Amino acid sequence: MTLEFDLDIFFQQSPDLLCIAGFDGYFRKLNPSWTRLMGYSEHELLENPIDSFVFQEDSVATVLSRDHVRYGKPLVNFENRYLTKTGRVVWLSWTSFPVPEKRLIYAIAKDISLKKQQETDRNIIIEKLGNVIEEMKQANYTASHDLRSPVNNMLSIFELLDQSKVRDEETEEFLEMMRLSTTKLKETLDHYLTAFGQGDRLKVQEETVYLPQIVEEVVMSVESLISSSGAAIAMDFSAWEAVSFNRLFMYSILLNLLTNAVKYRKVDEDLRISISTRLQEGKKELVIRDNGIGFDMEVIQGRLFGFRQKFSDHPDSNGIGLYLVYNHVTALGGKIRLNSRLDEGAEFIITFR
């Protein structure tokens, strides 16, 4: 049984712009979507050359595309701009095919103005973001460069210092801690300067990182801070000790999470910190817990690792530490999550790739 369909309903109701045009450059038939979008009457659209509605800067490309179709080749996803009666510019995406024996072109156009505006807005944001990143790179380079001189000067002082004249063992120990911390600071600054010097060629290098060694270095660099806070640190690396990661990133992650634990401890309770490793579904995880003031997860929601996001009135809070931790972890394909409640401490879980 042969079914008959009223194709005129499809033509009249389609939200897309359907048309038939002649090889002479005039519309022959239009559906109502044309008058709704363009603001012209059907008579005005049919009586004037198609080129008169095309945005001037797109005229040449439009003529060339029309010639392409006239020679018997379909046109797909051709984009150009039209001017409405009110002077508004609209973007159209065309699919056209010719019927040479009748000297006609059948075409469908989609209004993609919103998509084009979104692309423009996105490009503006990307450009602004690029400028901000470049400014931050320059600021970091300047800071790293300018800090080298006083750091080198401090190391020179330690070399000139005759520790044999120091009679107090505790003072000698403090001096050695200061020397080690200054040396580590110099190594970090040197690394950043080398990285900045490589510019866009820089790629984060993965290497085998021995976790107990990095933890020892971090604890030693902030030993006075940990001691003054009365913190007790428990470590368990029985699940695994080495992981493929970036050494400097691992140092920064541990440094930020440990100093945050000290910074946001409870004033009326001894601080306890645990650093442990585990395996979950074949993946290596690093777990860092503390019994500090914790986080109100409902309040922070998706802002935890955002740039300059602060969740405390602590005078040393700047909203950068967790931002760095997140970016270090995710830069190498890892994931980080937080389990916490207000006044019940925090548990950061880092899953490595």
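Trainee: How many bridges join β1 to β5, and which way do the two strands run?

Mentor: Let's begin with the general idea: strands of a sheet pair through backbone hydrogen bonds, either parallel or antiparallel. In this predicted model, β1 and β5 run antiparallel and are joined by six bridges. If you want one pair to look for, find glycine 22, whose bridge partner in β5 is leucine 104.

Trainee: And what lies on the other side, between β1 and β2?

Mentor: Three bridges join β1 to β2 (residues 27-30), and this pair is antiparallel too. Cysteine 19 has leucine 30 of β2 as its bridge partner. The two strands make a hairpin with four residues between them. Look at glycine 25 in that turn, where phi is positive at about 90°.

Trainee: What is the order of the strands in the open sheet with antiparallel pairing?

Mentor: The order of its five strands is β2-β1-β5-β4-β3. β2 and β3 each have a single partner strand, so one side of each has no neighbour in the sheet. From one strand to the next, the twist averages 30°. Further along the sheet, eight bridges join β4 to β5, again antiparallel. There, proline 98 has isoleucine 105 of β5 as its bridge partner. Helix α4 packs on this sheet, touching β3, β4 and β5, and its direction makes about 145° with that of β3.

Trainee: Back to β1, then: which of its residues are buried on each side?

Mentor: The rule to keep in mind is that in a regular strand the side chains alternate between the two faces of the sheet. In β1, Leu17, Cys19 and Ala21 are buried on one side, and Leu18, Ile20 and Gly22 are buried on the other. Six of the six residues of β1 are buried, so this strand is largely enclosed by the rest of the structure. For context, buried residues make up 37% of the 353 residues in the chain.

Trainee: Let me move on to empty space. How many cavities of 30 Å³ or more are there?

Mentor: Rolling a probe the size of a water molecule over the atoms shows where empty space is left. Here the count comes to one cavity of 30 Å³ or more, and the space in the largest cavity is about 210 Å³. Its lining has 17 residues, and the closest to its centre are Arg66, Tyr82, Trp94, Ser96 and Ile105. β1 (17-22), α4 (59-70), β3 (75-83), β4 (89-99) and β5 (104-111) each give at least two residues to that lining. By class, the lining of the largest cavity has eleven nonpolar, five polar and one charged.

Trainee: Take serine 96 from that list. Is serine 96 buried or exposed?

Mentor: Serine 96 sits in strand β4. Its relative accessibility is 8%, which is why serine 96 counts as buried: the cut-off is under 20%. Leaving aside residues up to four places away in sequence, serine 96 touches Val69, Pro74, Leu75, Ile105, Tyr106 and Ala107.

Trainee: What lines the second largest pocket?

Mentor: This pocket holds about 280 Å³ of space. Among its lining residues are Phe10, Phe11, Cys19, Lys29, Thr95 and Tyr106. The elements that give two or more residues to the lining are α1 (7-13), β1, β4 and β5. Sorted by class, the lining of the second largest pocket has ten nonpolar, one polar and one charged residues.

Trainee: And which strands make up the open sheet with mixed pairing?

Mentor: That sheet has five strands in the order β7-β9-β10-β12-β11. Its edge strands are β7 (232-236) and β11 (335-340), each pairing on one side only. The twist averages 15° from one strand to the next. Within this sheet, β10 (residues 283-290) and β12 (residues 346-351) run antiparallel and are joined by six bridges. As an example, aspartate 290 has alanine 346 of β12 as its bridge partner.

Trainee: Which helices lie across those strands?

Mentor: Helix α7 (residues 211-221) lies across β7, β9 (272-280) and β10, at about 170° to β7. Helix α11 (residues 321-331) lies across β11 and β12, at about 140° to β11.

Trainee: To finish, how many helices and strands does the chain have?

Mentor: The chain comes to eleven helices and twelve strands. Of its contacts with a separation of 6 or more, 57% are between residues 24 or more positions apart.

Note on methods. Residues numbered from 1 in each chain as written. Predicted model: local features only at pLDDT ≥ 70, side-chain atom pairs only at ≥ 80, totals over all residues. Heavy atoms only, no water. 1 Å grid on protein atoms, 1.4 Å probe; cavity = no way out; pocket = protein on both sides within 12 Å on 5 of 7 lines; lining within 4 Å. Points joined across faces, edges and corners; volume = space filled by probe spheres on them. Nonpolar A, V, L, I, M, F, W, Y, C, P; charged D, E, K, R; others polar. Buried < 20%, exposed > 50% of the residue type's maximum accessible area, 1.4 Å probe, protein only. Contact = heavy atoms within 4.5 Å. Pairing = 2+ DSSP bridges. Axes fitted to C-alpha atoms, helices over the stretch in contact; angles between N-to-C directions.
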